[in-house]
Amino acid sequence: MGLPSPEFLGSLVGLFEIICGVLILLGLITRLASIPLIVIMLVAISTTKTEILINDGFWKMMHESRTDWAMLLGNIFLFINGGGFWSLDKKIMRN
C-alpha cells in the first residue's frame with residue numbers, strides 16, 4: 001500500500017485498536033478513545049478502498065467498505081454522545 005515501515009505501523013495500529021477498544025468497552029474516556037479509532041478507519045478506507053473505487057466504481061467500493069463505514073460511524077457516534085448510562089465515565093462523574 002506504500003506506507004512507510006509497515007511492520008512498525010501494523011503493530012502500533014493493532015496496539016491502539018486493542019487499548020482503545022478495551023477503553024470503549026469499559027466506557028472509560030470513551031470520547032478520547034474514539035478519536036484514534038476514527039483516524040484509523042479514515043486511513044483504512046482511504047488506503048485500501050481507493051483502488052477499488054478507481055478500478056470497479058463507486059458501488060463496488062461502498063459494498064466492500066460497509067464494515068469500515070459501520071465502524072467509522074459508530075466511533076463518530078461514541079465521540080459525540082460518549083459512553084452512555086452504564087459507562088465508567090458516568091459512574092465516575094456521579095461521585
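This is a short walk through the structure above, stop by stop, with something to select at each one. Keep in mind that the model is predicted.

**Stop 1: the core**

Start by selecting C20, L23, I24, A33, L37, I40 and L78 and showing their side chains. These seven residues form the largest nonpolar core. Now colour helix α1, residues 6–26, and helix α2, residues 30–48: these are the elements that give two or more residues to the core. Here is some background for the picture: nonpolar side chains in soluble globular proteins tend to be buried together.

Stay here and pick out I24, one of the core residues. What does I24 touch, once you ignore its neighbours within four places in sequence? Its contacts are T30, A33, S34, L37, N75 and L78. Of those, A33, L37 and L78 belong to the core as well.

Next, step along to L25, which is also in helix α1. Is L25 buried or exposed? L25 has a relative accessibility of 77%, so it counts as exposed. If you have a distance tool handy, try it between the C-alpha atoms of L25 and L37: they are 13 Å apart, with their positions twelve residues apart along the chain.

**Stop 2: the salt bridges**

How many salt bridges does the structure hold? There are two, and each is worth a visit.

For one of them, select D68 and K49. Their side chains meet in a salt bridge, with an N to O distance of 3.3 Å. This pair links distant parts of the chain: D68 sits in helix α5, residues 66–81, while K49 is in the loop between α2 and α3, 19 residues away. Switch on a surface if you like. D68 has 13% relative accessibility, so it counts as buried. K49 also comes in at 13%, so K49 is buried too.

Keep K49 selected and look around it. Beyond its neighbours within four places in sequence, K49 is in contact with A44, M61, E64, S65 and D68. You've already met D68 as its salt-bridge partner, and E64 is about to come up in the other salt bridge.

So slide over to E64 and add K60 to the selection. These two form a salt bridge whose closest N and O atoms are 3.4 Å apart. Both residues lie in helix α4, residues 58–64, and they are four residues apart, about one turn of the helix. Are these two buried like the previous pair? Check them one by one. E64 is partly exposed, with a relative accessible area of 37%. K60 is partly exposed as well, at 38% relative accessibility.**Stop 3: the pockets**

Head for the largest pocket, which has a volume of about 370 Å³. To find it, select L3, L9, V13, I40 and V43, the closest to its centre among the 16 residues that line it. The elements that give two or more residues to this lining are α1 and α2. I40 should look familiar, as it was part of the core at the start of the tour. What classes of residue make up the lining? It has twelve nonpolar, three polar and one charged residues.

Then move on to the second largest pocket, with a volume of about 150 Å³. Select T30, R31, N81, G82, G83, G84, F85, S87, D89 and K90, and you have its lining. The elements giving two or more residues here are α2 and α6, residues 88–94. By class, this lining counts one nonpolar, six polar and three charged residues. T30 is a link back to the core stop, where it turned up as a contact of I24.

**Stop 4: two backbone oddities**

For the last stop, hide the side chains and look at the backbone. Most residues other than glycine have a negative phi.

Select S5, in the segment before α1. S5 is not a glycine, but its phi is positive, about 40°. At 42% relative accessibility, S5 counts as partly exposed.

Finish at I29, in the loop between α1 and α2. Which sign does phi have at I29? It is positive, near 40°, in a residue other than glycine. I29 is partly exposed, with 40% relative accessibility.

Key
Residues are numbered from 1 along each chain as its sequence is written. This is a predicted model: local features need pLDDT of at least 70, side-chain atom pairs count only at pLDDT 80 or more; totals for chains, interfaces and linings use all residues. Side-chain values use heavy atoms; hydrogens and water are left out. A nonpolar core is a set of buried Ala, Val, Leu, Ile, Met, Phe, Trp, Tyr and Cys residues joined through side-chain atoms within 4.5 Å. Buried means under 20% relative accessible area, exposed over 50%, partly exposed in between (1.4 Å probe, protein chains only). Contact means heavy atoms within 4.5 Å. A salt bridge is a side-chain nitrogen of Lys or Arg within 4 Å of a carboxyl oxygen of Asp or Glu. On a 1 Å grid over the protein atoms alone, a cavity is a set of points where a 1.4 Å probe fits but cannot get out, and a pocket is an open set with protein on both sides within 12 Å along at least five of seven lines; lining residues have an atom within 4 Å of a point. Grid points are joined across faces, edges and corners, and a volume is the space filled by probe spheres set on the points. Ala, Val, Leu, Ile, Met, Phe, Trp, Tyr, Cys and Pro count as nonpolar, Asp, Glu, Lys and Arg as charged, and the others, Gly among them, as polar.
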